[in-house]
Amino acid sequence: MEVVFRRPAAAISRPKGLKPAASVLVTVSTSSPLSQSQLQLQLQPQQRRPFTFSSLTRPPPNYPGHVPLSFIEKAALAIGSGLMSLRDPRRGDLIAAFAEATATPYFIYRLRDAMLSHPTGRRILRDRPRITSTSLNLPHLRSLPPNTVGRTYVEWLDREHVSPDTRAPVRYIDDEECAYVMQRYRECHDFYHALVGLPTVREGEVALKAFEFCNTLLPMTGLSVFAAGTLKPRERKRFWEVYLPWAVRNGLRAKEIINVYWEEELERDVNDLRAELGIEMPPDMRELRRREREERRRRKAEEEEARRMAAMEAAKAAQGQRQ
Amino acid sequence: MAARPALTRALPHLTSTVLSRSSQYQTSLRSISSLSPLSRTFSTTLPSLDANASTSTSSKPPTPDYAIPDPSRPTHFGFQTVTESEKREKVARVFTSVAEAYDRMNDLMSFGWHRVWKDHFVRTLNPGFSPLTAGPDPRGPQQILDIAGGTGDIAFRMLHTAHVVNRNPDVRVIMSDINRAMLTVGKHRSESLPASQQAALSFLEANAEDLTKARPLVPYPPADPASEEKPFFDPTTATTSIPDNSIDLYTVAFGIRNFSNIPAALREAYRVLKPGGVFACLEFSKADKHPLFNAVYKEWSFRAIPLIGQLVAADRDSYQYLVESIERFPSQEEFRDMILDAGFVIAGEGYEDLTGGVAAIHKGMKPRT
């Protein structure tokens with residue numbers, strides 16, 4: 001029998017200047033033929049960032065596409081991508097870079113440890129499934145019975161006129177496993193949309209980010225809530241009164257959504273999943289927006305009508321006076 | 001003299017015939033100059049008027065092996081090692097991807113200083129003004145070829161200097177680039193020039209290593225999406241060529257480090273230039289004569305430039321390639337020796353450092369014989 005312990009990396013205090021990529025893996029094996037118990041200490045390789053004046057000597061990459069950044073570079077990337085993605089939220093690549101640059105220290109390790117503390121999370125980390133534009137069989141999902149997770153997801157895709165796309169690969173997170181955790185979070189984002197039914201308009205994205213922050217604690221999600229300042233006043237009011245309280249209440253109460261093995265849950269009843277996770281559905285945003293648009297249109301038509309009547313009255317009065 | 005050991009160091013494949021040919025040049029030039037033999041000599045009279053003009057170019061020397069483009073010969077793409085044909089493909093992808101944001105990125109990366117470099121480059125070349133022209137008016141006709149002209153910075157400056165500053169309307173500029181996307185951006189930008197300058201400008205898709213195969217610019221992206229048009233020039237579709245001895249001024253600015261085979265491009269430049277024509281190259285170079293400044297410059301290059309590429313152009317990898325290719329480009333002395341090896345004659349040191357060596361202008365002249 002093998003028992004595996006892993007002390008949360010967040011709890012390890014590490015000296016300054018070293019990359020916080022260390023964790024201690026302790027395996028206790030009692031079935032070894034040679035001895036009763038064997039303690040093996042395996043230290044994960046620590047990235048020692050060389051203090052050198054030449055940036056031609058970057059440390060070697062830990063996974064394909066990895067770019068190890070120094071602290072100043074990471075800070076500059078965080079500030080630059082944060083400001084520019086606030087100005088133009090359609091730059092998905094900058095939002096992704098912002099997430100990676102702000103995830104360390106602490107936050108991405110906390111999320112990884114949350115996955116490790118849960119049996120499904122551990123299985124996801126072992127299997128490392130990827131969701132790409134080709135890995136989901138959409139026609140099959142459409143054929144599933146209604147109210148299944150897969151069918152809800154495809155219906156949401158069709159309603160929003162989007163398709164599952166291959167998300168940008170993670171490049172700036174040094175620990176290889178944490179890089180996968182960030183990639184998994186990024187690829188499951190559309191599933192979270194479908195789970196709570198929020199649309200892809202700016203209002204819906206901000207509400208979902210608030211929910212994700214309360215659940216995953218990634219700084220990018222929390223800082224994205226400041227994008228609520230760019231919403232229209234009506235939308236901002238709705239966000240403040242309805243969706244933010246919903247997000248906080250459900251995000252804090254719900255189980256970790258990062259631990260959902262979506263590929264296995266596709267044929268399960270979606271309300272069952274929501275109940276298990278502890279998530280209640282927010283008011284249908286598209287419905288609210290549509291009703292508000294109609295209300296505005298009706299009021300504008302009434303005003304137009306009233307103005308025309310007043311103009312006709314005035315014209316008639318003037319005509320009467322002349323005669 | 002000083003050239004010979006430098007040449008042997010830089011180009012180990014040199015055969016003795018090439019060395020002896022260059023030494024023949026040196027002796028012929030030395031015989032007509034009165035400078036000391038230890039300094040680099042240059043001619044003070046027109047070689048065509050010199051009675052002792054050397055006849056060494058009566059039989060053309062064979063092109064050395066390294067100057068013949070070979071698609072499978074290994075070369076470098078930034079810090080990677082690739083074959084020459086792979087490098088061409090990768091460079092094509094880089095420039096197709098950066099074409100739209102190219103000018104904005106240049107400004108951000110050099111804080112606008114690239115404009116100062118280009119202005120100085122064109123001003124010292126002074127196109128449209130050739131005092132060696134026979135007759136009282138020094139403004140004779142000139143044909144300028146701008147290689148890797150891309151978005152047109154040099155070509156537009158040449159036209160302005162020739163037509164407006166020197167008031168010589170007889171100067172024509174051919175803008176050439178292997179990448180159709182870059183050349184199309186240049187064509188759009190040229191539409192804001194005055195009509196007389198636009199009339200003197202023409203666009204050519206060509207690979208600088210073989211200017212016998214070229215073709216006028218085809219619109220990109222293609223109007224018909226089903227067509228197979230690639231964003232860079234395919235030599236099998238060539239329709240025209242640049243003849244020998246037809247160009248007065250050959251310029252290449254910030255392009256030559258991206259070529260797969262630089263010696264081949266230099267020899268092609270030699271072929272198309274008229275005798276007495278000038279080869280001018282503006283390129284990033286080594287700033288290691290100023291170590292502290294060089295260290296700061298390297299930090300900026302390798303840390304900040306890919307970051308700006310990511311933020312502005314959403315493309316970190318292309319800008320990583322650009323800074324690595326600068327690192328890989330030969331030094332001022334080595335490149336000068338490559339220019340000499342192609343048959344050009346140079347004046348003085350042969351190069352001029354700009355901004356401490358961050359950029360350098362190399363000039364050579366095709367000798368008149």
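The exercises below work through a predicted model of two chains, A and B.

**Exercise 1. Compare the make-up of chains A and B: how many helices and strands does each have, and what share of the residues is buried?**

Solution.
Step 1. Begin with secondary structure. Chain A contains 13 helices and three strands. Chain B contains 12 helices and 10 strands.
Step 2. Turn to burial. Chain A has 323 residues, and 46% of them are buried. In chain B, which has 369 residues, the buried share is 54%.
Step 3. Look at contacts between residues at least 6 apart in sequence. In chain A, 65% of these join residues at least 24 apart. For chain B the figure is 72%.

**Exercise 2. Describe the largest nonpolar core, and state which helix gives it the largest share.**

Solution.
Step 1. The largest nonpolar core has 64 residues. The members that touch the most others are I108(A), I173(A), M182(A), F239(A) and W262(A).
Step 2. Helix α7 of chain A, residues 176-196, provides the largest share of this core, with 12 residues.
Step 3. Take F239(A) and set aside its neighbours within four places in sequence. F239(A) then has contacts with V206(A), A207(A), A210(A), V225(A), A228(A), L231(A), L244(A) and P245(A).
Step 4. Another core of 33 residues lies apart from the largest one; V122(B), L125(B), L159(B) and V171(B) are among its members.

**Exercise 3. Is T104(A) buried or exposed?**

Solution.
Step 1. Locate the residue. T104(A) sits in the loop between α2 (92-103) and α3 (107-116) of chain A.
Step 2. Apply the cut-off: a residue is buried under 20% relative accessible area. T104(A) has a relative accessible area of 18%, and therefore T104(A) is buried.
Step 3. List its contacts beyond four places in sequence. These are K74(A) and Y109(A).

**Exercise 4. How many cavities of 30 Å³ or more does the structure hold, and what lines the largest?**

Solution.
Step 1. Empty space left among atoms is found by rolling a probe the size of a water molecule over them.
Step 2. There are four cavities of 30 Å³ or more. The largest encloses about 480 Å³.
Step 3. Its lining consists of 30 residues, and A148(B), D177(B), G255(B), N258(B) and F259(B) are the closest to the centre.
Step 4. Assign the lining to elements of chain B. At least two residues each come from α3 (84-98), β3 (142-147), α6 (153-165), β4 (171-177) and β5 (201-207). The greatest contribution is that of α3(B), with four residues.
Step 5. Sort the lining by class: 15 residues are nonpolar, nine polar and six charged.

**Exercise 5. Which elements give two or more residues to the lining of the second largest cavity?**

Solution.
Step 1. The volume of the second largest cavity is about 80 Å³.
Step 2. Its lining residues include S285(B), K286(B), Y297(B), F302(B) and E327(B).
Step 3. The elements that give two or more residues are α10 (291-313) and α11 (316-328) of chain B. α10(B) gives the most, with five.
Step 4. By class, this lining divides into five nonpolar, three polar and three charged residues.

**Exercise 6. Describe the second largest pocket: what volume does it have, and which residues lie nearest its centre?**

Solution.
Step 1. The second largest pocket holds about 1,100 Å³ of space.
Step 2. Of its 33 lining residues, P89(A), G92(A), I95(A), E205(A) and K209(A) lie nearest the centre.
Step 3. Two or more residues of this lining come from each of α1 (71-87), α2, α7, α8 (202-216) and α9 (219-224) of chain A.
Step 4. The class counts are 14 nonpolar, 10 polar and nine charged.

**Exercise 7. In which sense do β5(B) and β6(B) pair, and in which sense do β9(B) and β10(B)?**

Solution.
Step 1. β5(B) and β6(B) (residues 210-216) run antiparallel and are joined by four bridges. N207(B) is opposite D210(B), and the hairpin between these strands passes through two residues.
Step 2. β9(B) (residues 351-354) and β10(B) (residues 359-365) are likewise antiparallel, over four bridges. E352(B) has I361(B) as its bridge partner.
Step 3. The hairpin of β9(B) and β10(B) has four residues between the strands, and in it T355(B) takes a positive phi near 50°.

Technical notes
Residues numbered from 1 in each chain as written. Chains lettered and ligands numbered in written order. Predicted model: local features only at pLDDT ≥ 70, side-chain atom pairs only at ≥ 80, totals over all residues. Heavy atoms only, no water. Core = buried A, V, L, I, M, F, W, Y, C linked by side-chain atoms within 4.5 Å. Buried < 20%, exposed > 50% of the residue type's maximum accessible area, 1.4 Å probe, protein only. Contact = heavy atoms within 4.5 Å. 1 Å grid on protein atoms, 1.4 Å probe; cavity = no way out; pocket = protein on both sides within 12 Å on 5 of 7 lines; lining within 4 Å. Points joined across faces, edges and corners; volume = space filled by probe spheres on them. Nonpolar A, V, L, I, M, F, W, Y, C, P; charged D, E, K, R; others polar. Pairing = 2+ DSSP bridges.
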